[in-house]
Amino acid sequence: MRLLTHNMLSSNIKGVANGFPLGIEVEKVIEKQVELSADFLRNLFPKIEWKALVDAARTMGYAELPEEVDSSMLDSNEFLTKFHHALLELHLEEGALVCPETGRRFPVTKGIPNMLLHEDEV
Amino acid sequence: MTTSVFPTCQLLHTCRPRPHLLHRTPGSTTSNRRQLTLAVTATTRAMEAERKNDGALKKGIAEFYDESSGMWEDIWGDHMHHGFYDPDSTVSVSDHRAAQIRMIDEALRFAGLSEDPTKGPKSVVDVGCGIGGSSRYLARKYEAKCQGITLSPVQAQRANALAAAQGLADKASFQVADALEQPFPDGQFDLVWSMESGEHMPDKAKFVNELVRVAAPGATIIIVTWCHRDLAPSEEALQPWEKELLNKICKSYYLPAWCSTVDYVKLLESLSLQDIKTADWSPYVAPFWPAVIRSALTWKDMTSLLRSVVELAGGGVGVWEWNRDEGHLYSFTVAGAGAPGFDLQVSGRWLPVPLILCSPFRKL
């Protein structure tokens, strides 16, 4: 599971006011290289919740992302490389995502989070 | 270390007095021929194992299209196939419909079918018809009688409804049926059409057999589908990394094992078809995907959906329950969130495909 995905996921358990961002419990992180596309990153940038990405990356062992950003940084290759790496190249293979309000764990197995809600959570 | 390569597609065509095949898949430039592939199931042993999975596959296909057709239609219209573009062009979502129609016309042209509607086919079968886009187009173009089959009851119903709404109910009709056991007598059709459905067929031999069986003498068969690259003479199978990547795609789209263009050609030759012609249309469909991705990224507001049932564990495909508020479009999505996403090579660039969907997602 990439952090791109994590940045979009939310706990929508019944009664939860704000299920984003999900906490991350790390058991196994792997890195998979993928070619950088600047256009792709620039298109995505406005949709990204930056603080959630920084915190998640740090949890995954990557602390190079700047805390504060603005769109002018998208012209910097150095920034794009870090953004790219955090967003797309770090994979949570084993672990869990955690609802920030209820503490409910969504297990992550072989890189796939199981977001299936139980009957009473819907 | 780079990642995956999308399989190349090959376009096959067989002419009079027999059908032809067309293939297409997105991605893959001619200069970079490292391609994704999945081992062809050549042995009986492999086929036995597959047979057990076929029931589950069929059900999965039917449900997948039951669930997603409405949403697809919202965004992409009634043609559920790739558009045909000039290579390396940049297209927007609004160009896609013309491109999808062009795909049909290019396929017909490749097959050598006449532009003259009076000389065209009079009876057509649309195998894996989706919501009937091709059938209705062919019915209008050639004033032909078209019959479509699909595994999805929702699609069949929608296809018939659209035909009725467009005054084509007498020319285009649709039913739920299995392409591996078509509910038609031998030799009924003079055009056998399979537009991007072949990739769902678990038994390619049976699939091709049925296409040929229902084709009349002198008929034309057109298949546009996704294939993996042809194996080199020294190869028995695809590379492990290719298999792995292709496997992920297969899981996401309810696809059984892929075969190559050459495999199709051999099947057709074994059935004594003539004028078999193939071509690789990868460059012409590659521009489709950036448009898809861009449409995902230009979501406007999204309201939270009602229930979503997501089955992600074990690499399975998400089964989504969609609900649409009036006036809101939901973006096309692929499979389940966080699935080991696949990487597409489009026009020489690698793009990871984000799997963005509704709940369990935050509002964008």
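This is a short talk on some strands, a helix and the aromatic pairs in chains A and B of a predicted model.

I'll start with strand S2 of chain B, residues 123-127. Of its 5 residues, 5 are buried, so the strand is largely enclosed by the rest of the structure. The side chains alternate as follows: Ser123(B), Val125(B) and Val127(B) point one way, while Val124(B) and Asp126(B) point the other way. Both groups are buried, Asp126(B) and Ser123(B) included.

What does S2(B) pair with? One partner is strand S3 of chain B, residues 145-150, which runs parallel to S2(B) and is joined to it by 5 bridges. Another is strand S5 of chain B, residues 189-195, also parallel, with 3 bridges. Val124(B) is a useful residue to look at here. In S3(B) it stands opposite Cys146(B), and in S5(B) its bridge partner is Leu191(B). As for the connection, S2(B), helix H3 of chain B at residues 133-142, and S3(B) form a β-α-β unit, and that unit is right-handed.

Next, helix H2 of chain B, residues 96-110. How does its length compare with what should be expected? With 15 residues at 1.5 Å a residue, the span should be 21 Å, and the end C-alpha atoms lie 20 Å apart, so the two agree. The buried residues of H2(B) include His96(B), Ala99(B), Gln100(B), Met103(B) and Ile104(B). Further along, Asp105(B), Glu106(B), Ala107(B), Leu108(B) and Phe110(B) are also among the buried ones. After the helix comes Gly112(B), with a positive phi near 80°. Phe110(B) has a further contact: the charged end of Lys277(B) sits over its ring, 4.1 Å from the centre.

That brings me to the aromatic rings. Over all chains, a search of the whole structure gives 12 aromatic pairs. Take Phe84(B) and Trp281(B): the ring centres are 4.9 Å apart and the planes make an angle of 80°, so this pair is edge-to-face. Where do the two residues sit in chain B? Phe84(B) is in the loop between helix H1, residues 44-76, and H2, and Trp281(B) is in the loop between strand S7, residues 276-279, and helix H8, residues 282-285. The pair therefore ties together parts that are 197 residues apart in sequence. Buried means under 20% relative accessible area. Phe84(B), at 5%, therefore counts as buried, and so does Trp281(B), at 6%.

A second pair is Phe184(B) with Phe189(B). The centres of these rings are 4.9 Å apart and the planes stand at 85°, so it is edge-to-face. Phe184(B) has a relative accessibility of 7% and counts as buried. Phe189(B) is buried too, at 1%.

In chain A, ring pairs link four residues into a cluster: Phe45(A), Trp50(A), Phe79(A) and Phe83(A).

Staying with chain A, I'll finish on its sheet. In what order do the strands run? The order is S1-S2-S3-S4, in an open sheet of 4 strands with antiparallel pairing. At the edges are strand S1, residues 23-31, and strand S4, residues 112-113, each of which pairs on one side only. Strand S2 of chain A, residues 90-98, and strand S3 of chain A, residues 105-109, are joined by 4 bridges in the antiparallel sense. Within that pairing, Ala96(A) is opposite Pro107(A) of S3(A).

Definitions and conventions
Residues are numbered from 1 along each chain as its sequence is written. Chains are lettered from A and ligands numbered from 1 in the order in which they are written. This is a predicted model: local features need pLDDT of at least 70, side-chain atom pairs count only at pLDDT 80 or more; totals for chains, interfaces and linings use all residues. Side-chain values use heavy atoms; hydrogens and water are left out. The expected span of a helix is 1.5 Å times one less than its number of residues. Buried means under 20% relative accessible area, exposed over 50%, partly exposed in between (1.4 Å probe, protein chains only). Rings of Phe, Tyr and Trp (its six-membered ring) pair if their centres lie within 6.5 Å; planes under 30 degrees apart count as stacked, over 60 as edge-to-face and the rest as tilted. A charge sits over a ring if NZ of Lys or CZ of Arg is within 6 Å of the ring centre and within 35 degrees of the ring normal. Two strands pair if DSSP finds at least two bridges between them. A crossover is right-handed if, with the strands pointing away from the viewer, the path from the first strand over the helix to the second runs clockwise.
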